[in-house]
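Welcome! Please take a moment to look over the structure shown here, and then we can walk through it together.

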Amino acid sequence: MNTRRTFLKHAGLGLIAVAPVSTLAAGLAANQKPKVVSRSQRIIATTKISLNIRDFGATGDGQTKDTVAIQQTIDRCSILGGGEVIIPIGNYLTGAIALRSNTTLLLEKEAVIIGSPDLKDYPVTQVRWEGKWIPGYSGLIYAIGAQHIGIKGSGKIVGNNTIGGRPTADNPLRRPALIEPIDCSDIHFEGFSTEYHLMWSIHLTYCEHVSIKNLNIRSTGGNGDGIDVDSCKHVLIDGCDIATGDDCISLKSGRGMEGYQLLRTTEDVHITNCTFADSIFACIGIGSETSGGIRNVLIDHCRFIQAKTFAIYIKSRVGRGAFIENITASNLEVSGMAGGFLRFNLSGSGLQDQVPVPGNEGIPTTKNFKFINIKVTDVPVLIDGGVHANKPLDGLMLSNITGTCLKGITLANIKNAIIKQVKVAGYTGPLLSIYNVKGLGLAGATPIDAPKSPDPLPISSTPYVLH
């Protein structure tokens, strides 16, 4: 009996399988089944809408909270198949807003999103803080588990510095980042500016296929990173101008046994054509939260114009475990450093975890560091690098390094080193000082005393369990 339910079932299948007659005939002639395309796939493929937040009640007066209007616009854009959410000229005060799949915020010229000063306007969820998952406030613009999302345009996103800072005993919740996608893929950020100096500007966690281009990021005056890449894969950072208090860019992957068991690696990161200035720590920091591993990082054609410590600082410690490998930096210009060009400290940098990785397993494995075509101007130290004696760095290339420095290169516990064409001037003392370094280009190096390597941590009688 042809019931109404049966009719609707067949009618729905018929709508899904509709195809042009010629295409269907050609497929059948080749003994191929016609491809069935779902309704959601057809909507995404054929529909790209533009919705203006003003049409949903946003005022843009800088005084009225426009959170509901902006969120309703984003939600409707997503549910109708995706497209652009237009933020026109104006000052839009808002609490946290969530990006949905297939939506892009388009910040028009002179459009400014301003973060609310009220912490109650930011939902509490699980967030990463210093390599651990803890309860914390979401970012001003955040996304969880979304795909095909973006923020583009020449406008600005401004955080409220009154809610920044670190967790405290009175309020142990992590403070809001400015932009924070978590477990998202296919992310595009391009063209806009940010201001926020007491917390991170962009914090990517568990994300894949990320493109960040031509951003102007300012977080000077406080302890706020520019871009944090936290257990992410396939990330491009291109053409950005970043001036920060803390690291301009920080690469990390978790801390202690939690990060080690999760093993969410940061890998395939390309940083290119950027300008960096830092006033508290380093321009590019790799670590010290490295318990999930970091590998395949390329930094090229960048300018480093200011840093409190070093242009590039690679750091970890006993108790992190995992690995840091395949780090390449090439075609860099470095000046204005208070510390120097490069430092790597892989055995004693950063906070120790409450539950560290024990034994020799807890000593990070490092290999294949390359620094090629580097021009330095008046850096205090050219390179200061050492790793743990139990696990020497396997593979270090220093090639075509030129310019001026006050002190040369100090290296410890490295095998398969290649040092060539280091032609710098202005330094006092030896150009190259080494302990337990083997490889090529070491002739004439000055031996130094063995640096102290921390002991491996004791193995607990109680196995760690994620909780």
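What is the volume of the largest pocket? In this predicted model, the largest pocket has a volume of about 460 Å³. It is lined by 23 residues, and those closest to its centre are Glu-130, Arg-166, Asp-246, Glu-289 and Lys-315. If you sort the whole lining by character, you find 10 charged residues, seven polar ones and six nonpolar ones. As for how such a space is found, rolling a probe the size of a water molecule over the atoms shows where empty space is left.

Let's turn next to a strand with neighbours on record here: β19, which covers residues 227-230. Strand β16 (residues 202-205) runs parallel to β19, and four bridges join the two. To see one of these contacts for yourself, find His-203, whose bridge partner in β19 is Asp-228. Strand β19 also pairs with β22 (residues 249-252), again in the parallel sense and over four bridges. Here you can look for Val-229, which has Leu-251 of β22 as its bridge partner.

Now, are the two faces of β19 covered or open? In a regular strand the side chains alternate between the two faces of the sheet. In β19, Ile-227 and Val-229 lie on one side, while Asp-228 and Asp-230 lie on the other. These four residues are all buried, so both faces of the strand are covered. Being buried here means having under 20% relative accessible area.

The backbone has a few details worth a visit as well. Which peptide bond is cis? It is the one from Gly-287 to Ser-288, with an omega near 5°. To find the spot, go to the loop between β25 (284-286) and β26 (294-306), where Ser-288 sits.

Two asparagines also deserve a look. Asn-214 is not a glycine, yet it has a positive phi of about 55°. You will find Asn-214 in the loop that links β17 (208-213) and β18 (216-219). Its relative accessible area is 43%, so Asn-214 counts as partly exposed. Asn-436 has a positive phi of about 55° too, and it is likewise not a glycine. Where does Asn-436 sit? Its place is in strand β32, which spans residues 432-440. With a relative accessibility of 31%, Asn-436 is partly exposed.

Technical notes: Residues are numbered from 1 along each chain as its sequence is written. This is a predicted model: local features need pLDDT of at least 70, side-chain atom pairs count only at pLDDT 80 or more; totals for chains, interfaces and linings use all residues. Side-chain values use heavy atoms; hydrogens and water are left out. Buried means under 20% relative accessible area, exposed over 50%, partly exposed in between (1.4 Å probe, protein chains only). Two strands pair if DSSP finds at least two bridges between them. On a 1 Å grid over the protein atoms alone, a cavity is a set of points where a 1.4 Å probe fits but cannot get out, and a pocket is an open set with protein on both sides within 12 Å along at least five of seven lines; lining residues have an atom within 4 Å of a point. Grid points are joined across faces, edges and corners, and a volume is the space filled by probe spheres set on the points. Ala, Val, Leu, Ile, Met, Phe, Trp, Tyr, Cys and Pro count as nonpolar, Asp, Glu, Lys and Arg as charged, and the others, Gly among them, as polar.
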